[in-house]
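Please read the following note alongside the sequence and the model. It is arranged as numbered points for a reader new to structural description.

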Amino acid sequence: MGQQMPRKMRIKAIPGTARRMSDVLLAESVPALGKQGEIVRVRAGYARNYLVPYGLATIATDSNKRRVEAHRVKQEELRLARLQAFRDLAERVAKYSVTIEANANKDGHLYGSIVASDISGQLRNAGYDIGVDHVKLEGPLKETGMYSVTVQFDIDIVAEVKVWVVPKATASVGGKS
C-alpha cells in the first residue's frame with residue numbers, strides 16, 4: 001500500500017484565548033498590526049491560528065510583559081549610548097579636513113571623480129569610523145578645490161567635513177632633474 005499523508009498537527013488551545021479577543025505580545029513587527037514588543041488586542045482565532053504558531057507573537061502574560069519592559073529599557077540605554085558616541089564622533093570629525101590626491105588636467109578637471117567611498121576611506125585611514133552610508137554627496141566631485149561635505153550619523157546628528165581635492169604630484173618626464 002502507499003504511504004499515508006501525515007495528518008495536520010492540531011495546535012492545543014492557547015490559555016486566555018477562549019474569549020473572542022486576546023492580548024498578544026508581538027515578537028516580530030507585523031505590518032498593519034504593530035511593532036516588535038508592543039501589546040496588541042487581536043481576535044483569538046488570529047492569535048491561535050497565525051500569530052503564535054508562526055512565532056510572530058506570544059500571549060501577553062505578566063512574566064512576558066516584565067521581560068519585554070526590561071529588554072526595552074536596555075535597548076533604550078544602548079540607543080542613547082550610541083547617539084552620544086555619534087555626537088562625540090561628529091564633533092571630532094567637524095574639526096578634521098580630508099585631502100585627496102587625484103589625477104587632474106592643468107585646468108583642474110579630474111580624469112575620474114571622487115565619491116563617498118573615497119572620502120569614507122580617507123576618514124577611516126585617519127582613525128574615524130565612518131561608513132560610506134554616512135557620507136552624503138549631491139554628486140561625485142569632478143574638479144580640484146575645497147568642498148564642504150555632509151556626514152550624517154543620525155537624523156539630527158550631522159557634521160560638515162572639509163574635503164580638499166588636489167592634483168597628484170607627477171614625477172618629471174625623461175629622468176632628468
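The points below go from the overall fold to the cores and then to one helix.

1. This is a predicted model, in which local features need pLDDT of at least 70 and side-chain atom pairs count only at pLDDT 80 or more, while totals for chains, interfaces and linings use all residues. Residues are numbered from 1 along each chain as its sequence is written, and side-chain values use heavy atoms, with hydrogens and water left out.

2. The protein chain contains 3 helices and 9 strands (DSSP runs: H or I of at least four residues for helices, E of at least two for strands, numbered from the N terminus). Their order from the N terminus is β-β-α-β-α-β-β-α-β-β-β-β.

3. Of its 177 residues, 28% are buried (under 20% relative accessible area, with a 1.4 Å probe and protein chains only).

4. The largest nonpolar core (buried Ala, Val, Leu, Ile, Met, Phe, Trp, Tyr and Cys residues joined through side-chain atoms within 4.5 Å) has 25 residues. Among those with the most contacts inside this core are Val93, Ile130 and Phe153. At least two core residues come from each of α2 (62-94), β4 (97-102), β5 (109-114), α3 (116-125), β8 (145-154) and β9 (157-167). A second, separate core of 10 residues includes Val24, Leu26, Val42 and Leu51.

5. In helix α1 (residues 44-51), the buried residues are Ala44, Ala47 and Leu51. They lie on the same side of α1, because they cover an arc of only 115 degrees around the axis (taken from the directions from the helix axis to the C-beta atoms). These buried residues pack against β1 (21-26), β2 (39-43) and β3 (57-59).

Notes
Buried < 20%, exposed > 50% of the residue type's maximum accessible area, 1.4 Å probe, protein only. Contact = heavy atoms within 4.5 Å.
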